[in-house]
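Trainee: I would like to learn how to read strand pairing, cores, pockets and unusual backbone geometry from a model. Please take the features one at a time.

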Amino acid sequence: MKRILSILAVVALVAMTVQAVEVKSENVAGVINVSVEAAKYKLVGVTLDDMDALNPTLADVLGTDGVPDGTVVYFYTGSGYEGHTYYADEPSGWFTDDDELSSAVVDRVTGFWVYCPQNYTFSLTGEVPDYDTPVILDNGYQIANYPFPAAKGLADTAIGQNAADGDVIYVLDSEGNYVGQTYYVDEPAGWFLDDDSESDLVFNPGDSFWYYRVGTSTSYDETVPYTL
């Protein structure tokens, strides 16, 4: 069962549109509008702190009002997927595959898939974070997220600067195909596409991505990219 949050933003917002993601931000509060096409899957990442909950759930982040019945969020567990579905019929809300009310916590460093049965725009609202954020990458595949509401080039992020030789980031293009960028330590070192051209990947608010870590787990702090 599904549900998505539709909260009103406060104060004057500065809008920025990136692909299907519209970003509006304020000094303290903001909203990121993420559009999902009908019967398609989209990788989504949250970049704002919840204003009320320390450990926000899907109901806190995606809301419940207006969410299409049958919307599903999938979290990758490292070996498979954990589904959480929104049901509009009473009792309405987000439920696990075991029909238990979902208590899954949504953080700013882990992305997830969203599937909607119809076109829908999620308004992700919250407080703009103003502190460095710890990121942990495990060995193997994971859905990761750049944890700030700002467009940032891969090479300029801690994610990009702490890669191991052979690490790969996969993003979806406009046609739904994966585009891989691989990190090489040999000169010239850096992130490169499959055609050996240098990657110009930019992380945009609202979008998450696959990260394949070749080496052992690593952790680092992603620094705040703006001044409030």
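Trainee: Over how many bridges do β5 and β8 pair, and in which sense?

Mentor: This is a predicted model. In it, β5 and β8 are joined by three bridges and pair in the antiparallel sense. One residue pair to look at is V72, whose bridge partner in β8 is Y115.

Trainee: Which strand is joined to β8 by five bridges?

Mentor: That is β4, residues 40–44, and the two run antiparallel. In this pairing, K40 stands opposite C116 of β8.

Trainee: Is β8 mostly covered or mostly open?

Mentor: Begin with the general idea. In a regular strand, side chains alternate between the two faces of the sheet. As for β8, four of its five residues are buried, that is, under 20% relative accessible area.

Trainee: How should I read a nonpolar core?

Mentor: In soluble globular proteins, nonpolar side chains tend to be buried together. The largest nonpolar core here has 23 residues. Those that touch the most other members are L62, V73, F112, V114, F122 and L124.

Trainee: Which elements each supply at least two residues of this core?

Mentor: They are β3 (29–36), α1 (58–61), β5 (72–76), β8 (112–116) and β9 (120–127). A further core of 18 residues lies apart from it, with V135, L154, A158 and L201 among its members.

Trainee: Now the pockets. What is the idea behind finding one?

Mentor: Rolling a probe the size of a water molecule over the atoms shows where empty space is left. In this model, the second largest pocket has a volume of about 350 Å³. It is lined by 20 residues, and Y76, T110, D138, Q142 and I143 are the closest to its centre.

Trainee: Which elements give two or more residues to the lining of the second largest pocket?

Mentor: β5, β10 (133–137) and β11 (140–144) do so. The largest share, four residues, is from β11.

Trainee: How does the lining of the second largest pocket divide into nonpolar, polar and charged residues?

Mentor: Twelve are nonpolar, five are polar and three are charged.

Trainee: β11 came up in the pocket lining. What is the order of strands in the open sheet that contains β11?

Mentor: The order is β11-β17-β13-β14-β15, five strands with antiparallel pairing. To find the edges of an open sheet, look for strands that pair on one side only; here these are β11 and β15. Neighbouring strands of the sheet are turned by 25 degrees against each other on average, with direction ignored.

Trainee: Which residues stand opposite each other where β13 and β14 pair?

Mentor: β13 (residues 168–172) and β14 (residues 178–184) pair over five bridges. L172 stands opposite Y178, and V171 stands opposite V179. The two strands form a hairpin with five residues between them, and in the turn G176 has a positive phi of about 85 degrees.

Trainee: What joins β14 to β15?

Mentor: A hairpin does, through five residues. β14 and β15 (residues 190–193) pair in the antiparallel sense over four bridges, and W191 in β15 is the bridge partner of Y183.

Trainee: Is the peptide bond from E187 to P188 cis or trans?

Mentor: Read omega for this. The bond from E187 to P188 is cis, with omega near -5 degrees. P188 belongs to the loop between β14 and β15. The bond from E90 to P91 is also cis, again with omega near -5 degrees. P91 lies in the loop between β6 (81–87) and β7 (93–96).

Trainee: Which residues other than glycine have a positive phi?

Mentor: Among them is A39, with phi near 60 degrees. A39 sits in the loop between β3 and β4. Another is D99, whose phi is near 65 degrees; D99 is placed in the loop between β7 and β8.

Trainee: Why does D99 count as exposed, and why is A39 partly exposed?

Mentor: Compare each value with the cut-offs. D99 counts as exposed because its relative accessibility is 55%, and exposed means over 50%. A39 has a relative accessible area of 48%, so A39 is partly exposed.

Definitions and conventions:
Residues numbered from 1 in each chain as written. Predicted model: local features only at pLDDT ≥ 70, side-chain atom pairs only at ≥ 80, totals over all residues. Heavy atoms only, no water. Core = buried A, V, L, I, M, F, W, Y, C linked by side-chain atoms within 4.5 Å. Buried < 20%, exposed > 50% of the residue type's maximum accessible area, 1.4 Å probe, protein only. 1 Å grid on protein atoms, 1.4 Å probe; cavity = no way out; pocket = protein on both sides within 12 Å on 5 of 7 lines; lining within 4 Å. Points joined across faces, edges and corners; volume = space filled by probe spheres on them. Nonpolar A, V, L, I, M, F, W, Y, C, P; charged D, E, K, R; others polar. Pairing = 2+ DSSP bridges. Axes fitted to C-alpha atoms, helices over the stretch in contact; angles between N-to-C directions.
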